[in-house]
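Before this model is used any further, I would like to set down some remarks on how its parts fit together. They are given as numbered points, to be read beside the structure.

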Amino acid sequence: MKRLLHYVSLLTLCLFIFLAFASNQENEGISDEKTGKVENANFDLAVSSIELIRKYDENELAADREYKDKILEVTGTLEKVDRGIGNYYLILEGDKYSYTGVQCFFDKENGLADLKAGQEVTVIGYCNGIVLNIHLKDCILKKQA
């Protein structure tokens with residue numbers, strides 16, 4: 001019985017190490033050289049959160065071809081701000097008929113605590129495609145008017 005407990009403990013430890021490593025890898029992306037300061041951030045395409053979600057809902061493969069692995073400037077209505085393991089994120093709403101949102105991941109809290117649900121925000125980030133929500137990583141919150 002003790003031997004089984006040791007194996008389960010070791011397996012659990014290995015799983016936590018793997019998850020920590022995977023989480024760290026996901027946060028690598030847009031370099032400072034490419035983004036510069038928020039005011040000068042470069043992006044490939046500008047799109048609204050509603051349009052981005054609509055494109056993914058209609059045809060995921062076509063949307064991946066158009067948006068995945070590109071730096072997007074996405075503007076939409078803020079649904080919520082939260083934090084995960086080692087990062088912070090916000091979710092931009094789609095239209096009232098969509099369950100999908102645009103989930104934007106940030107390395108730091110910079111300015112997120114000042115946002116309120118229902119507010120229009122603009123985010124620049126690297127599109128990873130869709131997994132329940134459309135994922136943008138290494139995001140920068142564009143200065144709000």
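1. Two residues are taken to be in contact when heavy atoms of theirs lie within 4.5 Å. With that cut-off, and leaving aside neighbours within four places in sequence, Thr100 is in contact with Ile53, Asp57, Gly94, Ile130, Leu132, Asn133 and Ile134. Thr100 is found in the loop between strand 3 and strand 4, and with a relative accessibility of 13% this loop residue counts as buried.

2. It should be kept in mind throughout that this is a predicted model. The protein chain has 145 residues, of which 34% count as buried, and it holds 4 helices and 6 strands. Their order along the sequence is α-α-β-α-α-β-β-β-β-β. When contacts between residues at least 6 apart in sequence are considered, 62% of them join residues at least 24 apart. The accessible surface comes to about 9600 Å², and carbon and sulfur atoms account for 55% of that area.

3. How do the strands from strand 2 to strand 4 pair? Strand 2 (residues 71–83) is joined to strand 3 by 5 bridges, and the two run antiparallel; within this pairing, Leu78 stands opposite Leu92 of strand 3. The hairpin of strand 2 and strand 3 has 4 residues between the strands, and Gly86 takes a positive phi near 80° there. Strand 3 then pairs with strand 4, again in the antiparallel sense and over 5 bridges, with Leu90 opposite Cys104 of strand 4. As for cover, 4 of the 5 residues of strand 3 are buried.

4. Strand 6 deserves separate attention, since it covers residues 133–141 and 9 of its 9 residues are buried. Which strands does strand 6 pair with, and in which sense? With strand 4 (residues 102–106) the arrangement is parallel, through 3 bridges, and Leu136 of strand 6 is the bridge partner of Cys104. With strand 5 (residues 120–131) the pairing is antiparallel and extends over 7 bridges, Ile130 having Ile134 of strand 6 as its bridge partner. In the hairpin of strand 5 and strand 6 there is 1 residue between the strands, and Leu132 takes a positive phi near 65°. Leu132 and Ile134 are also among the residues in contact with Thr100.

5. The largest nonpolar core consists of 23 residues, and those with the most contacts inside it are Leu52, Tyr67, Leu90, Val102, Cys104, Phe106 and Leu136. The elements that give two or more residues to this core are helix 3 (49–58), helix 4 (60–67), strand 2, strand 3, strand 4, strand 5 and strand 6, and it is strand 6 that gives the most, with 4 residues. Leu52 illustrates the contacts involved: not counting residues up to four places away in sequence, Leu52 touches Val47, Tyr67, Leu72, Val74, Val102 and Ile134. As general background, nonpolar side chains in soluble globular proteins tend to be buried together.

6. How many aromatic pairs does the structure hold? There is 1, formed by Tyr89 and Phe105, whose rings are tilted at 50° between the planes and lie 5.9 Å apart from centre to centre. Because Tyr89 lies in strand 3 (residues 88–92) and Phe105 in strand 4, the pair ties together parts that are 16 residues apart in sequence. Both partners count as buried, Tyr89 at 13% relative accessibility and Phe105 with a relative accessible area of 10%.

7. How many disulfides does a search of the whole structure find, and why? The search finds 0, and the sulfur positions given by the model explain this for two of the cysteines. A disulfide would need two cysteine sulfur atoms within 2.5 Å, whereas the sulfur of Cys104 is 4.5 Å from the closest cysteine sulfur, that of Cys139, and so is too far away for a bond. For Cys127 the closest cysteine sulfur is also in Cys139, but at 9.7 Å, which is again too far. Cys104 is buried at 0% relative accessibility, and Cys127 is likewise buried, with a relative accessible area of 0%. Cys104 is, in addition, one of the residues with the most contacts inside the largest nonpolar core.

Notes:
Residues are numbered from 1 along each chain as its sequence is written. This is a predicted model: local features need pLDDT of at least 70, side-chain atom pairs count only at pLDDT 80 or more; totals for chains, interfaces and linings use all residues. Side-chain values use heavy atoms; hydrogens and water are left out. Buried means under 20% relative accessible area, exposed over 50%, partly exposed in between (1.4 Å probe, protein chains only). Two strands pair if DSSP finds at least two bridges between them. Rings of Phe, Tyr and Trp (its six-membered ring) pair if their centres lie within 6.5 Å; planes under 30 degrees apart count as stacked, over 60 as edge-to-face and the rest as tilted. Accessible areas come from the Shrake-Rupley method with a 1.4 Å probe; for residues, only the protein chains shown count as cover. A nonpolar core is a set of buried Ala, Val, Leu, Ile, Met, Phe, Trp, Tyr and Cys residues joined through side-chain atoms within 4.5 Å.
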